Structure formats: structure tokens, C-alpha cells
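I opened the notebook to look at one structure, chain by chain. I wanted the overall build before any single residue.

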Amino acid sequence: MILTLHLVALALYTLATALTLAPFVGLRAPPRVLTIALPCAGAALHVVAVSQLTLVGLAPALSMLALCLVLLQLASERLVRGSAVGFFTGPVAAGLVGLALLIGLAPGAEPSAGRNAWFILHVALSVMGLALLALAFIAAALYLLQFRELKARRFGRVFQLFPPLERLDQLNRVALVAGFPALTLGVLLALGYAVRFAGGLHVGKAQIVWGLFTWAVVGWAVWVRLVRRWDGRRAAFASIAGFSAVLLVYLALKLVQPGAERFL
Amino acid sequence: MNDATAMGIQVLGVNHRTAPLEVRERFAHGAHEVPGALARVIAAGAAGGVLLSTCNRTEFYLVAEEEGVAEAVWDLLGERLERGAAVREYGYIARDRDAVRHLYRVSSGLDSMILGESQIQGQVREAWEASRAQAGPVLHRLFQTALHVGARIRTETALGTGTASAASAAVAVAGKIFGDLAGRAALILGAGDMAELAATCLAAEGVQVTLVANRTHERARAIAERLGARALTLDEAWPHFATTDIALCSTAAPHAVVTWERVGAVIRGRRGRPLCILDLAVPRDVDPAVAQLENVFLYDIDDLQTVAAQATARRHEAVAAAERIVQEETDLFWAWYGGLGVVPVIKEFRGRMEALRAAELERALRHLTQLSPEDRARVEQLSHALMNKFLHQPTVALKAAAEEGRGYGLLDALKRLFGL
């Protein structure tokens, strides 16, 4: 059931991505309702599938990250009134679901109610925080591409299909500002979970290092935006640098401790 | 035959296909420069001329000898280029029927950067009116029909459907920077029709036109009142580049007025907030160096027309029908123009023949004194009938050839054969 739901979600995400990218290869743009309905349907099935996972291990984390990205893509559609975010989130989400399927997804044992609620909230908020950082990165990348085209006075597909600069800047700010409390709560819940269920906590050093590093990076990105009043291109570069650092540190730590049993 | 028909119609010029904006802006002629330019070309041998100068083209429509005045036109335009640059590499010539077709295509928007744009109709009319004293009868008729062709194509085809103009493109470009334009502040430099049109388009999107600056304060105040803005002189406008979101420039200045020296320091004080500068003027109002400033987005008329042209997809479907109308109207004009030369020649030819007939009849009747008055009348009638029979076929052939636009060869032969 989990596999089937993931496969159908993957197919819907892939189809939605293909439709979203169609105008870039000179094909007619699909009706907007279709580019929203397909990922919506995929996300609905995906939610059902994720609800049956224990959220322990790399594959469930990747699946949940993909789900969060699709949900954020749909939210961005409403916020920036453009499907350009889907150019990035679509392929990434489809890729993450595919990777999760390759690693192997299986239903987990049911934890106790208390542990379950703490743990699910910790994972959901942390993954959502990470997805928001990824969304900030995507908005920043779109911003820099559109900025370059507008500066160079090129009026091709990027100019036509990407959202306006200020909306992308706004999306970047909103993603970071929402991502920081989500990650903070995720970290606090992890600490609470460790205290309350000390006997059952087995957190590796790598997980702590990466979690705190990610939290610090997002905190820094929010600080430069809100306190130092960075915006536009400088803020976009900061977001890209932050997300890249988080990704590189994760990959480095994962290389040191390979294996799919744990997220890190 | 009059001079105009003995010469021929020519168009010489440059347009957006043959020359970039930085060259075209040098050839742009203000209304006050038109009579002087045409006087020079007419002094070089043209029988009449109209100068059409828009942001997309500078074209001399002339009635002139084949090669006679072309040099004068190239010299006149060449004086506006830097030393070493050759105007001919940007220029083109079309003659006779091709020149007529060219003007019809121009006036209908088929030759415009934004396919089917309607502003060119007004510009053709203004050019005709500005050159009225120097145009001559053939060009009067040509421009009159060109306006008719433009109107007919807009009525009978879909060439003018949809919104596609530099002003609408200005809104689209600003929208790609700011997203929602409501509440954005705009500063207008210049008080011409183009500035007002674009400002009105921006205001319709919720942009607050707060300032209108112009060389003459009176004109600025007139537009400012209509837009609910404050009027300034140009020198008072520079500090406002620190606060405005959109600067719309469309002055009639012959050189850049928004320069690095005037606004560079002011714009650097914006702390990275984007500034969209829309330069609708030809010659350009804004020094291209200003675009190097961080977060300044500068667009000139060619950029805006490129954006506007993207909105004309539906208009392309109407091109074939519009071209058919152009062809039909070109044939009609050419028939009229050909007939214009043939009628006086036929008249002269028939007059000469009539004189010969009368002289020969009189000579013959002097020797035929025995004829009764009735017989004399019959002989005279015979001479008339013979002459009409002899002249009928050449007259019909000449008129037919003229209507088909190939009467010149026959006319020339007739003049040589009969010493007309």
C-alpha cells in the first residue's frame, strides 16, 4: 500500500513537473488548474502514505521532505502567483520520492502515543524547516536568474515565466522567517523528547552537529534579512550560501556514517 | 506630362530593421527640422518630399529622378553620424511601386516593430501635414491613400486586435520588477503625448504618478494637473531619483538628460531598492551608463517594443489578409499614377493629330472648289472618322498599359515618334 501510494504520487509529481516545464521547451502552457490539481492529488496520496511510516531512517525522511516541498510549492503558487517554483520543487520532490523508493520504504512499528506525538512533531517541524530553507534557496535562485535577465534586457522564457523580482524576494523572506521557528521548535522538541524519553533516545553526534548547524544557518539568514535589512541580490546570495552549506555538511557527515537506517 | 510623373516615387531611409537605436536616434528629426531637410533635398532636384521621422524610422518619400537626389539624402543623414561611419550601410531605397507598397505597409503597422501598432497612423498623418507645403500633388495623394489603407486594414483584418504598445510594455516590464504596481511612485520626465500615455497606463495599474518634470514648467503643470501630480523643472527632478520606484523618460531633448553625473550619487543612496527607468524617447533621454548602477533596470524604446511584440501572436494570423489589401491598394494607386502621365500625353498627341487633320483638310478643300457644301461636310466627316479610327487603338493601349503600371515605355516611344 505504501509503495503503491508512493508510486502513484511519484507519477503525478512527474507529470505535473513535465507540464510545468512544457513552456520552457516551446510547448503550449497547460491550464493552471492542471498544474495545481496534479501535485494536489499527488500530495493527498503522499500524506496517506507518510502517515503509515514511522519516520525513522533515511527513506521516510526523504519522502517527508518531498511532501513538504510539494506542499510549499502549492502554497507558493498562491503567494507568488506563478508556477515557476515548481520548476525546481517538482523535479526535486519527484527525485526524492524516487530515491526513497529505491532505498526502501516499509511500515514501522507503532510507538507509544506520547512518544509518537513528540517524535512526529519533531520530525515534521524539522523537515518542514529544512524544506522552507530549500524553498528560500529556490526563491533566491529564481530571483538571481530573473535579475540577470532583467538587467541584461533579455525578454525570453525566464522573463515571461518567472515571477516578478519583488515577489521572489518576498517568498525568500517568508520562507526563512517561517523556517526559523519551525526548525527551532523541531530542535526544542528533540531536546524535550530526549529528556522525557531519555531511555529511548539514541541520537548520534552527527545528527546533533548537523541539526544545530542548520538551525544556526537559518538563524543567520533570518538575522541578516530582518536585523541587517539585507534584501534583493545580497539576501539571495546569503540564502544560496546557507542552503549549500547545510547540504554540503549533511553530505560530508553522511559520507562518514553511511547507511539508510538513520537520517544521519 | 508634368514633372512629377516624369520622375518617379522613391523612399530612402533607415528603420528598426536596418539600424540599431543608437544610430536611429541620430537620424531622428524634430518637427522644426523637417522643412529645412526637405528644402535641401528639393534643391537637389526632387519635385516634392515628405519626411517621416519616428522612433522606428527616418524616411524621405520623394518624387525625383532615379539617382538624382539619393546622394543629397545620404549626405544629409551622413552629417549626423560620427566620422568614418557610412550611412549607406544602414539605409535602403525602394522605388515606384515598391515605394508605394512600402508606405502602405508602414501606415498599416505591417512594417512596425510591434506588428499592427496603431501609433504609426498618427505619425504618418503628422509627417504628411508637416511636409504639406513641400509634398506636391503625387505625395499628397500617396499619403492620403496610405492613411486610408491603414484604416482599411485595421477595420477589415485582425491586425490591430489586442493591446500591444510601448506603454503597455512599460507596465509589463515594471510589473516584472515590482510585482504589484499599486502604490508605487512614478516620476515622469517630459510632457509629450507619449509620456502622458505611458503615465496613464501606469496610473491605471495603481501607480501613483507623483511628479512630472519638464524643461518648461507650464507644460509640466498641465500634465501634472491631469495626473494629480506635482510639476517640477528638470533640474528639480534629479534628487527625486532617490525615492521614486519608476522613472518614465520621454523628453524631446536632442541628447541624454539623465546622466551618471546627475543621478549616480542619488541612486546609490537608495540602498539597493530597485529603480525601473523606462526611456521612451528617441534620441534617448538616459545615458546607458546609468544602467550599470546596482538595482537600476533601464529599458529603452527598442526593449519595450520587443516586449510589446511578444503580445502580437494573434496579429500574425492577419498578416496575409493585410498584405493582400496592401497589394490591391498599391495597384489602384499605381493605376492612378500611371494615368496621371498618360492623360496629358494622349491629349497632346490627339491635339497634334487634330491640327494635322485640320491643316490637310483645308489644303485639300482648297483644290476641291467644285464640291457642294454637303460634299465638303462629308469629306470633313471622313477625315474625323479616319483620325478617330487611327488613334483609337494607340489610346486604348496606352491607357491599359498605364493602368498596369507599364506605360512609361509606350509613352517614351510615342513622344520620340511624334516629337511631343
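The entries below go from chain A to chain B and then to the places where parts touch.

**Entry: the model**
I noted at the start that this is a predicted model.

**Entry: chain A, overall**
I looked up the helices and strands of chain A and found nine helices and zero strands. Read along the sequence, the pattern is α-α-α-α-α-α-α-α-α. I then asked how the radius of gyration of chain A fits its length. The radius is 19 Å and the globule rule gives 18 Å for 264 residues, so chain A is as compact as a globular protein of that length. I wrote down a span of about 60 × 45 × 30 Å for the C-alpha trace of chain A along its principal axes. Of the 264 residues in chain A, 44% count as buried. I also checked the contacts in chain A with a separation of 6 or more, and residues 24 or more positions apart account for 80% of them.

**Entry: the domains of chain A**
Chain A is divided into domain 1 (1-110) and domain 2 (116-264). The centres of these two domains of chain A, taken over C-alpha atoms, are separated by 18 Å. Their contact takes 22 residues from domain 1 of chain A and 25 residues from domain 2 of chain A. On the domain 1 side, α3 (58-80) and α4 (85-103) of chain A each supply at least two residues. I found that α3(A) gives the largest share of that side, eleven residues. By class, the domain 1 side has 17 nonpolar, four polar and one charged residues.

**Entry: helix α9 of chain A**
I checked the length of helix α9 (residues 232-256) of chain A. At 1.5 Å a residue its 25 residues should span 36 Å, and the end C-alpha atoms are 37 Å apart, which agrees. Which residues of α9(A) are buried? They are Gly232(A), Arg233(A), Ala235(A), Ala236(A), Ala238(A), Ser239(A), Gly242(A), Phe243(A) and Val246(A).

**Entry: chain B, overall**
I counted 17 helices and ten strands in chain B. A compact globule of 420 residues would have a radius of gyration near 22 Å, but chain B has 29 Å. The C-alpha atoms of chain B fill a box of roughly 115 × 45 × 40 Å along the principal axes. Of the 420 residues of chain B, 46% count as buried.
Chain B is divided into domain 1 (3-160), domain 2 (166-305) and domain 3 (343-418). I looked up the C-alpha centres of domain 2 and domain 3 of chain B, and they lie 71 Å apart.

**Entry: where the chains touch**
The contact takes 14 residues from chain B and eleven residues from chain A. On the chain B side, α8 (166-178), β10 (296-299) and α13 (301-309) of chain B give two or more residues each. The largest share of that side, four residues, comes from α8(B). By class, the chain B side has six nonpolar, six polar and two charged residues.

**Entry: the nonpolar cores**
In soluble globular proteins, nonpolar side chains tend to be buried together. I found 147 residues in the largest nonpolar core, where Ala170(B), Leu248(B) and Leu278(B) touch the most other members. Helix α5 (residues 113-151) of chain A gives the most to this core, with 20 residues. Leaving aside neighbours within four places in sequence, the contacts of Leu278(B) include Ala170(B), Val173(B), Leu248(B) and Tyr299(B). Apart from this core lies another, of 55 residues, among them Leu77(B) and Leu142(B).

Conventions: Residues are numbered from 1 along each chain as its sequence is written. Chains are lettered from A and ligands numbered from 1 in the order in which they are written. This is a predicted model: local features need pLDDT of at least 70, side-chain atom pairs count only at pLDDT 80 or more; totals for chains, interfaces and linings use all residues. Two residues are in contact if their C-beta atoms, placed from the backbone, lie within 7 Å. Ala, Val, Leu, Ile, Met, Phe, Trp, Tyr, Cys and Pro count as nonpolar, Asp, Glu, Lys and Arg as charged, and the others, Gly among them, as polar. The radius of gyration is taken over C-alpha atoms; the globule rule is 2.2 Å times the number of residues to the power 0.38. A residue is buried if 20 or more other C-beta atoms lie within 10 Å of its own, exposed if 12 or fewer, and partly exposed in between; C-beta atoms are placed from the backbone. Domain bounds come from an automatic or database domain assignment. The expected span of a helix is 1.5 Å times one less than its number of residues. A nonpolar core is a set of buried Ala, Val, Leu, Ile, Met, Phe, Trp, Tyr and Cys residues joined through C-beta atoms within 7 Å.
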